[in-house]
Number of protein chains: 4
Amino acid sequence: MTDFFKGIPQIRFEGAESDNEFVFRHYNPDEMLAGKRMEDHLRFAVAYWHSFAWPGGDPFGGQTFERPWFGDSMALARMKADVAFEMFDILQAPFFCFHDADVRPEGADFAENTRNLEEIVDYIGTKMEGSKTRLLWGTANLFSNRRFMSGAATNPDPEVFAWSAATVKTCMDATQRLGGENYVLWGGREGYETLLNTDLARESEQMGRFLSMVVDYKHKIGFKGAILIEPKPQEPSKHQYDYDVATVYGFLKRFGLENEVKVNIEQGHAILAGHSFEHEIALAASLGIFGSIDMNRNDYQSGWDTDQFPDSVPEMARAYYEILRAGGYTTGGTNFDAKIRRQSLDPEDLILAHVGAMDVCARALKAAAALLEDGGLEANRQARYAGWDTPENRALLSSDLASIEARVRAEGINPQPRSGRQERLENLWNRFV
Amino acid sequence: MTDFFKGIPQIRFEGAESDNEFVFRHYNPDEMLAGKRMEDHLRFAVAYWHSFAWPGGDPFGGQTFERPWFGDSMALARMKADVAFEMFDILQAPFFCFHDADVRPEGADFAENTRNLEEIVDYIGTKMEGSKTRLLWGTANLFSNRRFMSGAATNPDPEVFAWSAATVKTCMDATQRLGGENYVLWGGREGYETLLNTDLARESEQMGRFLSMVVDYKHKIGFKGAILIEPKPQEPSKHQYDYDVATVYGFLKRFGLENEVKVNIEQGHAILAGHSFEHEIALAASLGIFGSIDMNRNDYQSGWDTDQFPDSVPEMARAYYEILRAGGYTTGGTNFDAKIRRQSLDPEDLILAHVGAMDVCARALKAAAALLEDGGLEANRQARYAGWDTPENRALLSSDLASIEARVRAEGINPQPRSGRQERLENLWNRFV
Amino acid sequence: MTDFFKGIPQIRFEGAESDNEFVFRHYNPDEMLAGKRMEDHLRFAVAYWHSFAWPGGDPFGGQTFERPWFGDSMALARMKADVAFEMFDILQAPFFCFHDADVRPEGADFAENTRNLEEIVDYIGTKMEGSKTRLLWGTANLFSNRRFMSGAATNPDPEVFAWSAATVKTCMDATQRLGGENYVLWGGREGYETLLNTDLARESEQMGRFLSMVVDYKHKIGFKGAILIEPKPQEPSKHQYDYDVATVYGFLKRFGLENEVKVNIEQGHAILAGHSFEHEIALAASLGIFGSIDMNRNDYQSGWDTDQFPDSVPEMARAYYEILRAGGYTTGGTNFDAKIRRQSLDPEDLILAHVGAMDVCARALKAAAALLEDGGLEANRQARYAGWDTPENRALLSSDLASIEARVRAEGINPQPRSGRQERLENLWNRFV
Amino acid sequence: MTDFFKGIPQIRFEGAESDNEFVFRHYNPDEMLAGKRMEDHLRFAVAYWHSFAWPGGDPFGGQTFERPWFGDSMALARMKADVAFEMFDILQAPFFCFHDADVRPEGADFAENTRNLEEIVDYIGTKMEGSKTRLLWGTANLFSNRRFMSGAATNPDPEVFAWSAATVKTCMDATQRLGGENYVLWGGREGYETLLNTDLARESEQMGRFLSMVVDYKHKIGFKGAILIEPKPQEPSKHQYDYDVATVYGFLKRFGLENEVKVNIEQGHAILAGHSFEHEIALAASLGIFGSIDMNRNDYQSGWDTDQFPDSVPEMARAYYEILRAGGYTTGGTNFDAKIRRQSLDPEDLILAHVGAMDVCARALKAAAALLEDGGLEANRQARYAGWDTPENRALLSSDLASIEARVRAEGINPQPRSGRQERLENLWNRFV
């Protein structure tokens, strides 16, 4: 036991009326909801990187956190894992997620990186034996080291492509070894700074091939989890190829991977791309590629990724409503890819940020489930399209322009608009949220 | 002859040193450039709607223009066509574009709309016989009338779908009749105001079927032009389905239409979607769906479509560079989907806005052609990816993760970053622009 | 009695459990809260323009609403007033707001405009005698008519300045006549489309003089209400001079009007300017110029003014918290400068949009009041700055650089950062919201 | 002599036709233009921080540059200065700028920081004796170290206020010692992350007092340069108090400092605040507070500060046009607060980025000067406001509402709009740019 969280109790459900800071007011893991335990609906995951590896820097300032495990040795990596599992235990977190670079020190070459990774993965595996916390997903950090500055799979230098492919293999192995339920790819450097030096066609081809190899390797090793791409439009790159859900879908279709790969959607990335979070979820569900979410918010007035803990029940309820409509998670979950503010220096801040976020997620889920059970919103949606239910109107979709024109003329079709009832639906929404 | 443009001479090329406002300084139609006449490179088109049908309103104010042809009769529609062709003649415009609603008055029903359209199309056809100006593209306005308020192809009401399909048929007929080189679809209402009342999956299916019928009808009537979709992310809708080039590509792939339909890209729509104009062009070219452009700019500080005449040679040079790299236009062209400011009341403003825009396009094209001929930029691009030219490295793309890992280990691959040279390439660019 | 709202009952408070659409669930006018009736805290106002004068158009489409009172006669203006007061009665709205152009038809000249205004103001005055609804504020529409296309007070044409000044006089007279509690100026055209034709210094001087005359006239006629400026950064203009609260403050200081004029802050305008709504309120309060609010939201993904009815309790609670901290409204109120969506065609939509908005405001107010009463947030704020409470530290503010340097050296001052506790405060917030 | 720039020649003017990468094509220091040498118009400055202290990191990746002088000793600080002056010499840069933290290693306490600073300032002073390069401005870095995480002047902790005040004193001393022509304050942490823990009124008061002390100290030590505030709306903070020029003006007026302090305007900061660069310059000039500029651009598609070297002649010409109209710089200059991209690893990249930027500035200045000399734009501006030149119309500005109304009635004033001629002015512009 480290003493980093000394004095902080395990967080338990006490109900909305408690005025204890260190309890759940709304998140009650065993509470049944729409046929499942709340924990099984929400599938919360803690992100290793922001909570344990991020020093608190931003583009205009350096480290603010002073953590005893910061540094570059295997011993410190083990201390970091100890602290992480202490936090998972305090929160009773069902899942966590990690990049290779979060858990192991950087080595001098690929072989040392891999040795470091394997050793610390073994250590984490041992810790997991004594913990309820499982691995939601693993991933490779192919963006921080300077070797990736011009891309990983899309690098103009084939050696970087090779290094990246080899690294993903080791991370998929590690994810498999730890029983991970998904493997994620986020291409922070798969994009460009300037079109002047970029060959879009070539880089896209490289990326398609890379992803195909990832899918092949998944099947080869019998990994049962899902392969997920995390869309983001930009930052750090000026333009990133996995811009948003629709872009990723087109990419998957192009390389025949739309049945093999799903998406991990983040609120912050959605709004950077000009979409609402719920849009991205609903779109992915309608295309059959919804996988998982990163439940962290961006500030609406900031044009970069702020990765804040979520705090708005109505916004999150929109997201969970779409997830429930789509049938809920299969392998996915609610990952907090969220960092406490760089001014939040204390261990308590780290714990309570998660506690608050889990509570607002629970409230949002309950509201979404109640609204779905009420059925009013779905009944209205169905009624709005009910005109399509007649055989004659359904037939329009398999007709042709000339025949339709003839029908319009023959029947004197002259459509009259009907109210879209947006405000009434918003009122209905607010009865539950 | 109307006397709307009385006293304004036909615009002729005089060269950069002229201080006459009513001349071309840079646009010299017959000047040869990269093997083609400048006119044949640029293929300028005037947009009927902004120049002749827009009254000057904005969301906070009404009509500012007072045009003798404003009103709702066939006689006024003919006067409008007369003025339009007088302007085409003054500008020596090689092309124009129109929606049905620009050229004919709205009728009481579909039949009257069609009669009005056919009659005015005949009138325009006659005018074209005495003019050099040809039709770049036709299109149907499926967004202004209140019947389209909830969408056209994606409307919850099948009668609107039917009306829209019938209308597109008449507009394709009109485009064919006038020798149009393309037919365009812009889905300003194909999207939603709120997800609460929207069925994304159903609307997408409707839209896919609609587009397939358009393609079928094209083949049925032997229309030789291209079918073009014009992407736009939003406005008037909160979200529009044809968000950007990547989204349209995914949609085309989904419905098997990627070899049948191309895109008409607008600068203003590109930047509303978070992209540079040149990005959208380069992306479309790399995906094989580049068709045509709308060369009008948005204000970078305004979050809505300002549709201004272009004025920045460097920005337009980026666009033309990508167009030239992609081989230039086939059926496409440079359409000015641009409106003079609502304070620009005078006939001279309308003429000179086009003259200035044609001149900056000409400068941009010349710069782009010179840079491409110089070859420095392309040589640098090729050198940057040259590592992929060896057989061993090319083989990486058809390898697998485990083999690549073995190679990385065996060869001790440890990639070293190389400069991306962005500023040097920007300097090179500025030698030509 | 018109029959526009036939069948719609007066809205009464029934409580959160009601499942009747036509009731208040949370807005209970007589409920006491922090020492005042809820109605007296919230001071709701209905905006005449969006509800009764807007035809449903947007930049890409025309009228969608078909209202029996649309048209340009005094008889129709009276019918519009009848319907308006029927709606005020249904909602039991304590206030309304209007522009001259909302209530009277446009005349052929200034004299006719004024006659029309006076006549309809008399009519409205009579209606108010039989109604509980009072006038929150009046204003002049100096932006819709084409004469204002280049500005009102800031127009390059002195005749427009004169027309505008004369018009504001008549609107101040009307506001006074109807017992209005404020007079508002929104300068939608006080800005520019292009700097190329604009003299910033001159236009600013015109605007300062204009506002000074408004203040003088207020005193001359003994108007007891507040003069309010409504900041907005842009739209319809590319740049508007009353950009945001800070800009208006600087303008008032420049012309010595900071004790005479306050601000009317709108959520949608705040976020267009890159600020949160609560920021603008808190800033205005800290500068002593907080007046009133327009409680309508913009869509975060749309770059223009969407003027939607509010629907997010947490966001509005932030606003009301700042208003309560500042002591609540004096002459100001909560105006719904909100329009139903153009697809919301039915009379019920108009009523229920207001009902829903009033309910979410009530919830937000209650949450804010409870949090303020709890005191936790304010106690934390005070504790954070407590270091300044010692005389020695307070003295720093009246010291000088050299003396402070000497003290830093002498005392070896070496400050240590302390947690800002943001997430803990967000958790506290969410206990009340 | 270090050998960092080995093989790179001093850059000399060769003219536009040269195809040598290492020359000026347009920047010809001694060329006369509007009565002054080009060097004296442009007053270029190199920024120490980006060029010599920035390691190439971004929020998702670490150091990419490997510079022999990176590290924390006085010896390395001297090597850094050696390299800097070698670059100044290669570029023949007339000016440079620096923060304390750029030039000296961080010490253990205030005293050591000051000793380090004084020692390196002496070293720099010696180097300046053998160089043509002078100091445009000095400044204190009050944002990178973790002690400033919650603000400097606006910190809740008075010890940070004291430390900051003492530090600014030492930096003003250093600036004075090196003959600096300005002293700049940029408040990257003077703002907030969340209103929940912030007392706006108190922080603003602290900031006002701080700035007053800076002004007092300037006079005390007889510093002849200007005190400049650099506006920025956000990043790193969610909200920064020096949001934009208008906000800074209001702040200065509030504390009676509007004749003592001017602004240093950056293109990137302007557009983050929703303004064009030329707007901010024109506004500052009209308010009498224009000081200096940071001539670096942000990417229009990125919502954060990209600090790129400028590359667009038309945009920069707009800026220089406003500067020339305002009479040119007095103590200010054109500082490149610009960083080469993190992929631009080579010493050549650093030199050529500056060379290219100086050339585009020179082109922009020449275009602006020619346009101003032509006089067409200014003649049009004057004509547009000419109606105000009559005594009767001038009198409107000192009249009152009632008298103006009487005049409107008496004269039947009914203003008619006139064209704003925007496109014609854009055409005129493009004849010179």
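Helices (H or I, at least four residues) and strands (E, at least two) are DSSP runs, numbered from the N terminus.

The model is predicted: local features need pLDDT of at least 70, side-chain atom pairs count only at pLDDT 80 or more, and totals for chains, interfaces and linings use all residues. Residues are numbered from 1 along each chain as its sequence is written, chains are lettered from A and ligands numbered from 1 in the order in which they are written, and side-chain values use heavy atoms, with hydrogens and water left out.

**Exercise 1. Describe the place of A:Glu266 and the annotated binding site.**

Solution.

Step 1. A:Glu266 belongs to strand β12 of chain A, residues 261–266.

Step 2. Its relative accessible area is 1%, so A:Glu266 is buried. Buried means under 20% relative accessible area, exposed over 50%, and partly exposed in between, with a 1.4 Å probe and protein chains only.

Step 3. Contact means heavy atoms within 4.5 Å. Not counting residues up to four places away in sequence, A:Glu266 touches A:Glu230, A:Phe277, A:Asp294, A:Asn296, A:Asp305, A:Asp307 and A:Asp337.

Step 4. In the unreviewed UniProt entry, the annotation "binding site" covers A:Glu230, A:Glu266, A:Asp294 and A:Asp337. These residues span 108 residues in sequence, yet no two of their C-alpha atoms are more than 11.7 Å apart, so they gather at one spot. UniProt positions are given in the numbering used here, feature names are shortened, and annotations may be inferred rather than shown by experiment.

**Exercise 2. Locate the residues under the UniProt annotation "active site" and state their burial and contacts.**

Solution.

Step 1. According to the unreviewed UniProt entry, this annotation covers A:His99 and A:Asp102.

Step 2. A:His99 sits in strand β6 of chain A, residues 95–99, while A:Asp102 sits in helix α4, residues 100–103.

Step 3. A:His99 is buried, at 9% relative accessible area. A:Asp102 is buried as well, at 4%.

Step 4. Leaving aside neighbours within four places in sequence, A:His99 is in contact with A:Trp49, A:Thr139, A:Ala140, A:Asn141 and A:Phe143. With residues up to four places away in sequence not counted, A:Asp102 touches A:Tyr48, A:Trp49, A:Ala53 and A:Lys80.

**Exercise 3. Which residues does B:Thr139 contact beyond its sequence neighbours?**

Solution.

Step 1. B:Thr139 is found in strand β7 of chain B, residues 134–139.

Step 2. The relative accessible area of B:Thr139 is 5%, which means that B:Thr139 is buried.

Step 3. Outside its neighbours within four places in sequence, B:Thr139 is in contact with B:Phe98, B:His99, B:Asp100, B:Cys171, B:Tyr183, B:Val184 and B:Leu185.

**Exercise 4. How many disulfides does the whole structure hold?**

Solution.

Step 1. A disulfide is a pair of cysteine sulfur atoms within 2.5 Å.

Step 2. A search of the whole structure finds zero over all chains. For B:Cys97, the nearest cysteine sulfur is that of B:Cys171, 13 Å away, and B:Cys97 is in no disulfide.

Step 3. The sulfur of C:Cys361 has its closest cysteine sulfur in C:Cys97, 14 Å away, which is too far for a bond.

Step 4. B:Cys97 is buried, with 0% relative accessible area. C:Cys361 counts as buried at 0% relative accessibility.

**Exercise 5. Is C:Phe432 buried or partly exposed?**

Solution.

Step 1. C:Phe432 lies in helix α16 of chain C, residues 422–432.

Step 2. At 23% relative accessibility, C:Phe432 counts as partly exposed.

Step 3. C:Phe432 touches C:Ala367, C:Ala370, C:Leu371 and C:Asp374, not counting residues up to four places away in sequence.

Step 4. C:Phe432 and C:Pro314 are 118 residues apart in sequence, and their C-alpha atoms are 9.6 Å apart in space.

**Exercise 6. Characterise the contact between chain B and chain C.**

Solution.

Step 1. In this pairing, 31 residues of chain B are in contact with 31 residues of chain C.

Step 2. The two chains bury about 3,000 Å² between them, 50% of it on carbon and sulfur atoms. Buried area is the accessible area (1.4 Å probe) that two parts lose on being put together, summed over both.

Step 3. In chain B, B:Phe60, B:Arg146 and B:Met149 lose the most area to chain C, together 26% of what that side buries.

Step 4. A salt bridge is a side-chain nitrogen of Lys or Arg within 4 Å of a carboxyl oxygen of Asp or Glu. The count between chain B and chain C is six salt bridges. One salt bridge joins the side chains of B:Glu66 and C:Arg146 (3.4 Å, N to O).
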